Amino acid sequence: MTKILTVEEANQFGAELDAVREKHVTQLGERDAKHIRRMIKIQRFLGLTGRALLWFGFMPPMFIVTWPLGVLCLSIAKIMENMEIGHNVMHGQYDWMNDPKLNSQTYDWDTVSDSDGWRYTHNYEHHTYTNIIGKDRDVGYGVLRVSKDQPWEPHHLLNPLTNVVLASGFDVGVGLHELELGRVVKGEQSWSHVAVTGRKFLRKATRLWGKDYVIFPLLSGPNFLGVMAGNFAANLIRNFWSNMIIMCGHFPGEAQTYEYDKAVLETETRGQWYVRQMNGSANIEGGKVFHILSGHLSHQIEHHLFPDVPAHRYTEMAPAVRKICKKYGQHYETGRFFKQYGSFLGKVFKYTLPSRKQKLSAA
Amino acid sequence: MNTSETLSSHSSVGKFEWLNHPLTRAATRIGFEAEALSYYLEKINPLWSLTSMKAQVVHIIDETHDVKTFVLRPNAHWQGVSAGQHIGVAVEVGGVIHKRRYSSSKAEATDKSTNKTVQITVKRVTGGVVSNHFYNQAQVGDVIGLDAAEGDFVLPDKLPSKLLVLTAGSGITPVFSQVATLLIAGYKGSIEFVHYVRTPEDCIFGKQLYQLAEQYDNFEVQWCYENSKSKNSPERFSSKQIQNRVTDYTERHTLLCGPAGFMSVVRKHWDDLGLNDSLSFEYFGAPPMGAKDEVDAEITLKTGKQIQLRAGESILDSLIANGETPKYGCKRGVCHECKCLKTNGAVKNLLTGNVSDSGEEYIQLCISAPVTNVTLA
């Protein structure tokens with residue numbers, strides 16, 4: 001169990017983490033610029049190769065090889081764009097480069113979520129109020145029950161099924177998340193918000209789906225269906241992969257959720273914010289390629305402590321963070337992918353039913 | 001007569017006009033990505049960008065011991081420049097893109113073929129990131145970013161019959177470009193060019209000015225050396241000094257460009273003479289460097305509105321206290337929602353204590369306090 005820190009201890013804990021941050025921020029330069037440009041290069045050429053393989057693979061014998069290979073290249077390109085490039089650029093990790101093409105405020109990623117809306121709910125709401133039930137809508141994405149602290153509702157009986165549906169349509173899920181339908185039903189958000197964000201979502205979805213399911217298939221002529229199916233498969237793989245990585249970020253093992261207390265939140269110090277981020281996140285262990293394909297969200301703990309530090313540095317920051325956590329008795333939730341995703345899945349099944357405490361109070 | 005309309009022939013090449021075609025716009029809406037296509041094209045040739053203005057360094061000229069001129073060939077997005085205007089350049093140093101503006105230092109020729117290049121003249125400034133990069137690293141073949149020409153330091157609408165030019169230090173660059181352009185275009189009036197410079201070794205465009213004076217009877221150039229160590233006795237601007245150099249100076253329309261100190265002396269004299277109307281001027285010199293302390297300062301917003309900022313207080317707090325409604329989120333430097341484009345001035349990061357670059361860049365309002373006056377776009 002993680003130790004409860006006093007305000008003083010939390011502040012010291014925060015100061016030590018700030019020192020880690022400072023060390024890396026002062027080093028920002030050539031190496032980080034090279035990293036992100038290299039990622040973009042690999043991503044662009046994988047994308048081009050993938051689309052080319054899908055286009056030209058219309059001859060039956062070649063089809064068996066080129067189609068799966070094309071899908072693989074394209075899905076990796078999409079995964080890299082969304083996770084290692086888009087997500088991280090939109091966090092402002094490369095804003096210091098002053099490159100208009102890598103600017104958090106203007107970057108538009110290759111997924112159906114409207115960038116401006118996502119930046120607000122993700123960078124501000126999720127990263128400021130991480131794992132606070134009612135404030136951070138990323139806890140279960142408004143449809144799953146992943147913590148005993150979330151009030152049980154009858155639809156949670158379908159938790160495992162909901163999980164599969166959410167994973168397969170994760171891009172749409174994240175896009176529609178901006179509509180805040182849950183809050184609208186509760187009267188906390190207006191219908192005009194739904195109209196405005198809904199229009200943005202539709203505009204972007206039309207553009208991306210138009211590209212994947214109309215333009216590129218048409219351009220390929222005789223291989224219309226092959227290209228369309230290939231693009232669909234690539235989007236689906238991207239969805240499952242990103243969903244699985246993201247679900248490992250805040251819900252496995254001992255990662256905590258918090259109850260909303262306005263007074264506590266308003267007086268929260270930078271140190272206490274660090275403690276909350278730390279205890280609400282979970283890492284996945286793996287190699288370099290795995291970290292890149294997860295957009296370094298496998299270092300979710302470091303990402304939540306230092307959201308605007310270039311993500312490829314998280315691997316280097318992790319040992320220092322672990323040492324500080326150990327010193328202050330803070331649990332550092334980490335494990336291999338199957339352990340972490342298994343733990344999340346366990347919770348998905350476990351919380352289909354109401355938790356005991358709530359049963360009693362309901363009675 | 002306005003120089004921008006008549007004297008300089010704009011080298012606007014409309015190669016990428018199709019990017020603005022309704023069909024392209026429609027294609028963009030349904031998935032066409034100029035940005036992606038541009039990426040692959042730029043891998044083949046960095047100038048083939050569909051979206052960004054860029055230029056290649058084609059020639060480097062040593063002017064003095066600390067000044068070099070760079071001849072640049074812009075890509076098809078370039079819209080041209082008028083003599084007296086400045087050009088935005090962007091170079092990458094240590095992974096960071098730095099932006100600066102330099103005066104166009106080229107004599108606009110009437111010959112179309114030489115109009116395909118633009119020219120800037122860079123003086124090396126101690127500690128200056130961009131000027132030192134240009135001076136030490138830049139090579140023929142390098143590709144740099146460009147921003148459109150700007151500035152309204154252009155000749156008066158009705159071209160006067162007699163001109164006086166007063167410049168000091170590197171303030172000579174925009175005016176040299178204007179004067180050379182005028183002469184090449186066939187200006188028949190008289191031009192007296194008086195340049196104040198520390199020593200003969202510091203003199204930019206000395207040879208070119210000398211050649212122009214040889215070639216055109218209506219053009220005279222005089223150099224005044226301000227450094228007492230030089231061979232001649234030191235010579236600084238004063239009413240008596242200018243009277244000696246150009247006897248009819250009060251009858252001439254005057255173009256003035258140089259460092260702030262020099263200009264305030266000259267402007268005061270013209271004010272005393274009651275001749276403000278016949279003076280055109282532009283401030284010139286390196287941006288303030290070395291400012292480190294948080295100070296009370298003024299911020300100029302996109303709307304042109306000016307607001308007082310308090311030393312040590314975040315710009316976001318000052319703006320909110322003054323009834324502004326900027327976009328923001330966490331107010332602790334995490335979410336980047338309050339990011340704004342700063343076009344001028346330097347700020348201190350309240351979390352790290354680092355002082356920013358003085359050029360154009362994005363800043364987080366919630367953790368930035370002013371160290372100089374600041375302009376946002």
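This section describes the fold of chain B, its interface with chain A, and the confidence attached to the coordinates. The structure is a predicted model, and the descriptions below should be understood in that light.

Confidence was examined for chain A. The mean pLDDT of chain A is 91, and 98% of its residues score at least 70. One stretch departs from this picture: over residues 358–363 of chain A, pLDDT stays under 50, and the model has three contacts for this stretch beyond four places in sequence. Where pLDDT is low, predicted coordinates should not be read in detail.

Chain B contains nine helices and 18 strands. Of its 377 residues, 37% count as buried. Among the contacts in chain B with a separation of 6 or more, 66% join residues that are 24 or more positions apart. Chain B is divided into four parts: domain 1 (22–51), domain 2 (52–152), domain 3 (162–283) and domain 4 (297–376). The centres of domain 1 and domain 3 of chain B, taken over C-alpha atoms, are separated by 47 Å.

An open sheet of five strands is found in chain B, with parallel pairing and the strand order E9-E8-E7-E10-E11. Its edges are formed by strand E9 (219–225) and strand E11 (279–283) of chain B, each of which pairs on one side only. From one strand to the next, the twist averages 10°. Strand E10 (residues 253–258) of chain B pairs with E11(B) in the parallel sense over five bridges. Within this pair, Thr254(B) stands opposite Leu279(B), a residue of E11(B). Helix H8 (residues 260–273) of chain B packs on the sheet, where this helix touches strand E7 (162–168), strand E8 (190–197), E10 and E11 of chain B. The direction of the helix makes about 160° with that of E11(B).

Two residues of chain B illustrate local environments. Val118(B) is located in strand E5 (residues 118–123) of chain B. Because 24 other C-beta atoms lie within 10 Å, Val118(B) is classed as buried, the criterion being 20 or more. Leaving aside residues up to four places away in sequence, Val118(B) touches Leu72(B), Pro74(B), Val81(B), Ile87(B), Ser104(B) and Lys106(B). Of these contacts, Lys106(B) is 12 residues from Val118(B) in sequence, and the two C-alpha atoms are 6.7 Å apart in space.

Gly345(B) occupies the loop between strand E14 (339–344) and strand E15 (347–349) of chain B. Gly345(B) also counts as buried, because 23 C-beta neighbours are found inside 10 Å. Residues touching Gly345(B), not counting those up to four places away in sequence, are Ser358(B), Pro370(B), Thr372(B), Asn373(B), Val374(B) and Thr375(B). Gly88(B) lies 257 residues from Gly345(B) along the chain, and their C-alpha atoms are separated by 16 Å.

At the interface between the chains, 31 residues of chain A are in contact with 20 residues of chain B. On the side of chain A that touches chain B, at least two residues each are supplied by helix H1 (7–27), helix H2 (30–56), helix H4 (115–128) and helix H8 (191–219) of chain A. H4(A) gives the most to this side, with six residues. By chemical character, the residues of chain A that form this side divide into 10 nonpolar, 10 polar and 11 charged.

How values were computed
Residues numbered from 1 in each chain as written. Chains lettered and ligands numbered in written order. Predicted model: local features only at pLDDT ≥ 70, side-chain atom pairs only at ≥ 80, totals over all residues. Helix = DSSP H or I, 4+ residues; strand = E, 2+ residues; numbered from the N terminus. Buried ≥ 20, exposed ≤ 12 C-beta atoms within 10 Å, placed from the backbone. Contact = placed C-beta atoms within 7 Å. Pairing = 2+ DSSP bridges. Axes fitted to C-alpha atoms, helices over the stretch in contact; angles between N-to-C directions. Nonpolar A, V, L, I, M, F, W, Y, C, P; charged D, E, K, R; others polar. Domains from an automatic or database assignment. pLDDT = per-residue confidence, 0-100.
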